[in-house]
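Visitor: Walk me through this model, please. I want the reasoning behind each label.

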Protein chains: 2
Amino acid sequence: MCGQNHCHHPSPCRCDGRMERFLEPCLLLLLHEGPAHGYELRTRLERFGLAPDRQDPGLVYRTLRRLEEDGFLFSEWETEGGGPARRLYRMTADGEKLLHEWAKVIARNRARLDEFLQAYRARFGGDS
Amino acid sequence: MCGQNHCHHPSPCRCDGRMERFLEPCLLLLLHEGPAHGYELRTRLERFGLAPDRQDPGLVYRTLRRLEEDGFLFSEWETEGGGPARRLYRMTADGEKLLHEWAKVIARNRARLDEFLQAYRARFGGDS
DNA sequence: GCTTATAAGTGAAATTAGCATATATATGTG
DNA sequence: CACATATATATGCTAATTTCACTTATAAGC
């Protein structure tokens with residue numbers, strides 16, 4: 001990261017694009033809206049601040065396969081239509097449960113970020 | 001984590017306590033309020049949802065040492081007063097800059113979590 | 001003396017992310 | 001037809017980061 005050992009400079013690196021584990025709940029939420037394949041999901045992730053050109057495709061595909069392996073998704077190959085075959089993912093009942101768990105975790109995490117930002121603004125008087 | 005390969009069940013595990021890299025900005029903010037040593041910071045982290053009994057002390061101390069190594073903090077041994085010696089940390093000018101960078105990153109990340117939660121509630125009608 | 005609270009660490013394993021690269025199909029262009 | 005490009009999925013390896021399990025040491029209380 002940044003070519004340095006520890007990333008302390010958000011500008012040239014992509015620390016700001018690093019939302020570890022956030023990928024998983026985003027994929028689950030997108031898939032709850034309907035079945036989709038990886039490549040399409042990659043474009044729809046932009047909504048959550050994860051633009052395709054800043055993604056590691058490997059991570060997206062690996063996360064999807066792992067979620068399937070663990071029973072939260074399942075997929076079928078779709079060969080109809082032009083281009084290479086797509087793996088069409090659908091959510092399982094367990095996947096929806098997992099999404100609900102994630103929503104709680106994310107709400108809690110947002111509260112933490114809020115706490116930080118409030119304390120920060122209290123000290124530095126930012127009003128943005 | 002959870003004793004399983006992939007943590008998917010927030011209840012018995014500490015996924016909800018896992019805010020990767022959030023420790024660093026929290027420590028910086030607390031240290032901006034004044035010099036402090038690790039053990040004390042560990043108790044003050046509770047404010048950000050990081051209660052001492054859910055922390056890995058090793059991570060806290062290592063993070064402080066790393067921040068010092070990189071010039072964002074500096075420390076002196078404090079032997080006065082009862083108990084074992086404390087390493088009293090103070091923030092450097094670079095440390096304060098880093099804190100400001102972190103504040104931007106965290107504001108951005110909160111926006112992402114908000115986006116997720118809004119989309120989630122739009123689908124599931126939560127109003128909490 | 002023994003236990004507990006305070007205080008700061010280290011070593012090694014497990015997890016997670018990032019980077020580079022591979023593979024394959026279809027489509028458009030000269 | 002050859003070649004580049006867009007679509008689509010994936011693997012191998014490395015690096016970064018976290019977690020778990022310990023270790024060391026001082027002082028206070030019983």
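The talk below goes from the chain to a helix pair.

Guide: Keep in mind that this is a predicted model.

Visitor: What makes up chain A, from the N terminus on?

Guide: The order is α-β-α-α-β-β-α. That gives 4 helices and 3 strands.

Visitor: How many of the residues in chain A are buried?

Guide: Chain A has 128 residues, and 44% of them are buried. Each of those has under 20% relative accessible area. As for the surface, chain A exposes about 6800 Å². Carbon and sulfur atoms supply 48% of that area.

Visitor: Why are α4(A) and α1(B) called roughly parallel?

Guide: Helix α4 of chain A spans residues 93-124, and helix α1 of chain B spans residues 23-32. They pack at an angle of about 30°. Angles under 35 degrees count as roughly parallel. Therefore α4(A) and α1(B) are roughly parallel to each other. Their axes lie 11 Å apart. The crossing of α4(A) past α1(B) is left-handed.

Visitor: Which residues of α4(A) and α1(B) meet?

Guide: From α4(A) come A:Phe116, A:Ala119, A:Tyr120, A:Arg123 and A:Phe124. From α1(B) come B:Pro25, B:Cys26, B:Leu29 and B:His32.

Visitor: How is that contact of α4(A) with α1(B) divided by class?

Guide: The contact has 7 nonpolar residues, 1 polar and 1 charged. Tyr, Cys and Pro count as nonpolar here, and Arg counts as charged.

Visitor: And what share of the contacts in chain A joins residues 24 or more positions apart?

Guide: Among contacts with a separation of 6 or more, such pairs account for 40%.

Terms used. Residues numbered from 1 in each chain as written. Chains lettered and ligands numbered in written order. Predicted model: local features only at pLDDT ≥ 70, side-chain atom pairs only at ≥ 80, totals over all residues. Heavy atoms only, no water. Helix = DSSP H or I, 4+ residues; strand = E, 2+ residues; numbered from the N terminus. Buried < 20%, exposed > 50% of the residue type's maximum accessible area, 1.4 Å probe, protein only. Contact = heavy atoms within 4.5 Å. Areas by Shrake-Rupley, 256 points an atom, 1.4 Å probe, with all protein chains shown as cover. Axes fitted to C-alpha atoms, helices over the stretch in contact; angles between N-to-C directions. Parallel < 35°, antiparallel > 145°, perpendicular 65-115°, else oblique. Left-handed = near helix turned anticlockwise from the far one by under 90°.
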